[in-house]
Amino acid sequence: MVSLAMRIVQALALISILPTSVWSIPSSSSPILAGPIGKDCTIGSIHEGTPTGKNITIAGVPTYYSEPPHSKDGKNSTTKVILFFSDIFGAFYINNELLMDYFAAQGYHVLALDYFLGDPVGLHTNANLEPFDPSFDLNAWVEKSRKQAENVTQPWIDAVKERYGANAKYTAVGYCFGGPYVMDIAATDGVVAGAFAHPSGLTEDHFNKLKKPLLLSCAETDAAFPAESRRRAEDILAASHATYHSQLFSNVTHGFATRGNLTVENELWAKEESARSVIGWFDRFTK
């Protein structure tokens, strides 16, 4: 029988040869389900189009704002707001802007804060979003960005709610880096529903604490949120009788909902169907 001391020595030896995580393990003892930011979070395609939103400032934070057509936001209709928590490319990345414009066209005021404060990951990669600059420390960048986000996100949410009032219907959607902020607010009465696609940085506690309906839009191949983690998350939600819907897209990878290759039919369909599903989910709870 292997002694406890020997097991500890073996464990330490294993840890010493593992690659260094690019996102530190949370201080919470809750098991990690959606893992760290990594290179899979940067690979993808740049989309083409002309954004229609505005660059405004809310609570001192640069914010992308896309407003609905007046015909879908009349005086007698409910004001509907989407809080958009972006991936590591930030609120002003064209793919995210075009996605927000689509949501706005469906009748929502869509707002995304720049929690990177002018320093998205795109400033530290090459034009094709593939290899990292050798001098770029992703671990340090993520740690800095998480701290910034912690400082600015809640005051920003409070200011958005002051802008639209208590009678508006608020929802939240997050991609990759933005997933935890959706789960945090969906554990409160701050929104009527939440959604995420290919998240990172989630633990079991995020799912145990959920109070509001949740849409999970997932990739078949996702190193950050693999099948085992997705199934565990679904088990937690089912055990707590949460209101949720989980969708799984075949032959796509982490990032498909924001950076899919639109020249590949399956990736185009998955990206668009994910976006349609977010709107359908939110429409259900904002009537």
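1. Contacts of Ser200. In this predicted model, Ser200 touches Ala34, Gly35, Ile37, Arg146, Cys176, Phe177 and Pro180, when residues up to four places away in sequence are not counted. Ser200 sits in the loop between strand E7 (193-199) and strand E8 (202-203). Despite this loop position, Ser200 is buried, with a relative accessible area of 0%.

2. A second buried loop residue. Ala168 belongs to the loop between helix H3 (138-164) and strand E6 (169-176). Is Ala168 buried or exposed? Ala168 counts as buried because its relative accessibility is 10%, and the cut-off for that class is under 20%. Outside the neighbours within four places in sequence, Ala168 is in contact with Thr79 and Val81. Ala168 and Lys80 are separated by 88 residues in sequence, yet their C-alpha atoms are 5.8 Å apart in space.

3. Strand E3 and its partner E2. Strand E3, which spans residues 61-66, is mostly covered, as five of its six residues are buried. Strand E2 (residues 54-58) pairs with E3 in the antiparallel sense, over five bridges. Within this pairing, Ile56 has Thr63 of E3 as its bridge partner. The two strands form a hairpin with two residues between them. Ala59, in the turn, has a positive phi of about 55°.

4. Strand E3 and its partner E5. E3 also pairs with strand E5 (residues 109-113), again in the antiparallel sense, over four bridges. Here Ser66 stands opposite Val110 in E5.

5. The largest nonpolar core. This core holds 51 residues, and those touching the most other members are Leu83, Phe85, Trp156 and Phe207. Which element gives the largest share of this core? Helix H3 does, with nine residues.

6. Contacts of Trp156. Neighbours within four places in sequence aside, Trp156 is in contact with Ile58, Ala59, Val61, Thr63, Leu83, Phe85, Leu111, Ala112 and Leu113. Among these contacts, Ala59 is the turn residue with positive phi, and Thr63 is the bridge partner of Ile56. Leu83 and Phe85, also contacted by Trp156, are named with Trp156 among the residues that touch the most other core members.

7. A separate core. Apart from the largest core lies another, of 28 residues, which includes Met100, Tyr108, Ala193 and Ala270.

Note on methods. Residues numbered from 1 in each chain as written. Predicted model: local features only at pLDDT ≥ 70, side-chain atom pairs only at ≥ 80, totals over all residues. Heavy atoms only, no water. Buried < 20%, exposed > 50% of the residue type's maximum accessible area, 1.4 Å probe, protein only. Contact = heavy atoms within 4.5 Å. Pairing = 2+ DSSP bridges. Core = buried A, V, L, I, M, F, W, Y, C linked by side-chain atoms within 4.5 Å.
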